[in-house]
Amino acid sequence: MKKLLLISAAAALISTGATAQSTVVTTTGTGHTAAVQIEPEYRTKIRSYVTEHKIRPIESREKIVVGSPVPRDVELEAVPAEWGPSLTKYRYVYSGERVMLVDPSTRTVVQEVE
């Protein structure tokens, strides 16, 4: 009887925890090349921010792509709080009409916001 009660309590705890979580940003992968998954509503906020604040794209000789480091001469911008609290640990670069999230410790692009 005790085992059944314990199993039932554990199952209830696990199912409650699974439904209570709401993730805005999920990091997948390992190491510094992890990809960041951004909810659609935050993607819209990011695109709107760039348009409304008239952010000028940077110019770089090298193409800036996910998984590659951003050149040292490119300045990384702080991510605004309105993009979501989970993204504030990153920096961003606006290049070629694309917002690229960058891990500031490695300068590696972790996500392109389309």
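**Close-up views of a predicted model**

**View 1. R107 sits in the loop between β5 and β6 (108-113).** This is a predicted model, and this first close-up is about a backbone angle. R107 isn't a glycine, yet its phi is positive, at about 65°. Is R107 buried or exposed? R107 counts as buried because its relative accessibility is 10%, and the cut-off for buried is under 20%.

**View 2. E97 is a residue other than glycine with a positive phi.** Here the angle is near 65°. To find E97, look in the loop that joins β4 (91-95) to β5 (98-103). With a relative accessibility of 70%, E97 counts as exposed, since the bar for exposed is over 50%.

**View 3. S95 belongs to strand β4.** S95 has a relative accessible area of 10%, so it is buried. Which residues does S95 touch, once those up to four places away in sequence are set aside? They are P57, I58 and I64.

**View 4. Y49, W83 and Y92 make up one aromatic cluster.** The structure has two aromatic pairs. In one of them, the ring centres of Y49 and W83 are 5.5 Å apart and the planes meet at 85°, so this pair is edge-to-face. The two partners come from distant parts of the chain, 34 residues apart: Y49 is in helix α2, while W83 is in the loop between β3 (77-78) and β4. W83 also pairs with Y92, and here the arrangement is tilted, with 4.8 Å from centre to centre and 50° between the planes. As for burial, Y49 counts as buried at 15% relative accessibility, and W83 counts as buried at 0%.

**View 5. Y92 is found in strand β4.** How buried is Y92? Its relative accessible area is 3%, so Y92 is buried. Leaving out residues up to four places away in sequence, Y92 touches a long list of residues, including Y49, I55, L76, V79, P80 and W83. V99, M100 and L101 are also among the residues Y92 touches. To place Y92 against another part of the chain, take E75: the two are 17 residues apart in sequence, and their C-alpha atoms are separated by 8.9 Å.

**View 6. The largest nonpolar core is made of 16 residues.** Those with the most contacts inside this core are I38, W83, L87, Y92, V99 and L101. At least two core residues come from each of β2 (35-38), α2 (40-52), β4, β5 and β6. Which element gives the largest share? That is α2, with four residues. There's also a second, separate core of eight residues, and V74, L76, V93 and M100 are among them.

**View 7. Residues 1-33 have pLDDT below 50.** Across the whole protein the mean pLDDT is 77, with 69% of residues reaching 70 or more. Beyond near neighbours in sequence, the 1-33 stretch has 23 contacts in the model. Go easy on this view, because predicted coordinates shouldn't be read in detail where pLDDT is low.

How values were computed: Residues numbered from 1 in each chain as written. Predicted model: local features only at pLDDT ≥ 70, side-chain atom pairs only at ≥ 80, totals over all residues. Heavy atoms only, no water. Buried < 20%, exposed > 50% of the residue type's maximum accessible area, 1.4 Å probe, protein only. Contact = heavy atoms within 4.5 Å. Core = buried A, V, L, I, M, F, W, Y, C linked by side-chain atoms within 4.5 Å. Phe/Tyr/Trp six-rings, centres within 6.5 Å; stacked < 30°, edge-to-face > 60°. pLDDT = per-residue confidence, 0-100.
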